[in-house]
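Please read the following briefing alongside the sequence and the structure. The points are grouped by topic.

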Amino acid sequence: MHLDWSALGQVAAVSIGVTIAVVTVFALGVLGLARMEAAREENGTGSTVGLTQAGLCFVACAAVVAYGIYLIVPQFR
């Protein structure tokens with residue numbers, strides 16, 4: 001049996017890259033929530049920019065996770 005190590009390395013590199021990207025986008029979503037809370041504490045109203053940022057980031061993370069599950073689970077195709 002011949003194992004192609006370069007293919008395994010490519011899969012590992014893509015997995016690590018996507019993981020770093022998803023964690024970064026999720027952290028930006030948490031930052032948006034913190035921005036909204038800071039605006040609420042400062043002037044009594046929330047920041048729509050922070051809420052929009054958080055919403056977009058969390059939707060993007062959910063989409064990436066859903067796509068990964070779609071790729072892994074064969075019943076979805």
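Tyr67 is exposed in this predicted model, because its relative accessible area of 51% falls in the class that begins over 50%. The residue has its place in helix α2, and Tyr67 is also one of the residues that make up a nonpolar surface patch.

**Nonpolar surface patch**
- The patch covers about 730 Å² and is made by Val65, Tyr67, Ile69, Tyr70, Leu71, Ile72 and Phe76.
- Val65, Ile69 and Ile72, which belong to this patch, are also found among the residues that line the largest pocket.

**Largest pocket**
- The space in the largest pocket amounts to about 200 Å³, and the elements that give two or more residues to its lining are α1, spanning 5-43, and α2, spanning 48-72.
- The lining consists of Val14, Ser15, Val18, Thr19, Val22, Val64, Val65, Gly68, Ile69 and Ile72.
- Sorted by class, seven of the lining residues are nonpolar and three are polar, while no charged residue takes part in the lining of the largest pocket.

**Salt bridge in helix α1**
- One salt bridge is found when the whole structure is searched, and it joins Glu37 to Arg40, with the closest N and O atoms 3.1 Å apart.
- Both partners, Glu37 and Arg40, lie in helix α1, where a spacing of three residues places them about one turn of the helix apart.
- Glu37 counts as partly exposed because its relative accessibility of 33% lies between the limits of 20% and 50%.
- Arg40 likewise is partly exposed, its relative accessible area being 40%.

**Pairs separated along the chain**
- Ala39, a residue of helix α1, counts as buried because its relative accessibility of 19% is under the 20% cut-off.
- Between the C-alpha atoms of Ala39 and Gly50 there is a separation of 8.8 Å, although the two residues are 11 residues apart along the chain.
- Gly55, which lies in helix α2, is partly exposed, with a relative accessible area of 33%.
- Gly55 and Gly29 stand 26 residues apart in sequence, and the distance between them in space is 7.0 Å from C-alpha to C-alpha.

How values were computed. Residues are numbered from 1 along each chain as its sequence is written. This is a predicted model: local features need pLDDT of at least 70, side-chain atom pairs count only at pLDDT 80 or more; totals for chains, interfaces and linings use all residues. Side-chain values use heavy atoms; hydrogens and water are left out. On a 1 Å grid over the protein atoms alone, a cavity is a set of points where a 1.4 Å probe fits but cannot get out, and a pocket is an open set with protein on both sides within 12 Å along at least five of seven lines; lining residues have an atom within 4 Å of a point. Grid points are joined across faces, edges and corners, and a volume is the space filled by probe spheres set on the points. Helices (H or I, at least four residues) and strands (E, at least two) are DSSP runs, numbered from the N terminus. Ala, Val, Leu, Ile, Met, Phe, Trp, Tyr, Cys and Pro count as nonpolar, Asp, Glu, Lys and Arg as charged, and the others, Gly among them, as polar. Patches are made of residues with over 30% relative accessible area and no salt bridge: like charges are joined within 9 Å, nonpolar side chains (Val, Leu, Ile, Met, Phe, Trp, Tyr) within 5 Å. Accessible areas come from the Shrake-Rupley method with a 1.4 Å probe; for residues, only the protein chains shown count as cover. A salt bridge is a side-chain nitrogen of Lys or Arg within 4 Å of a carboxyl oxygen of Asp or Glu. Buried means under 20% relative accessible area, exposed over 50%, partly exposed in between (1.4 Å probe, protein chains only).
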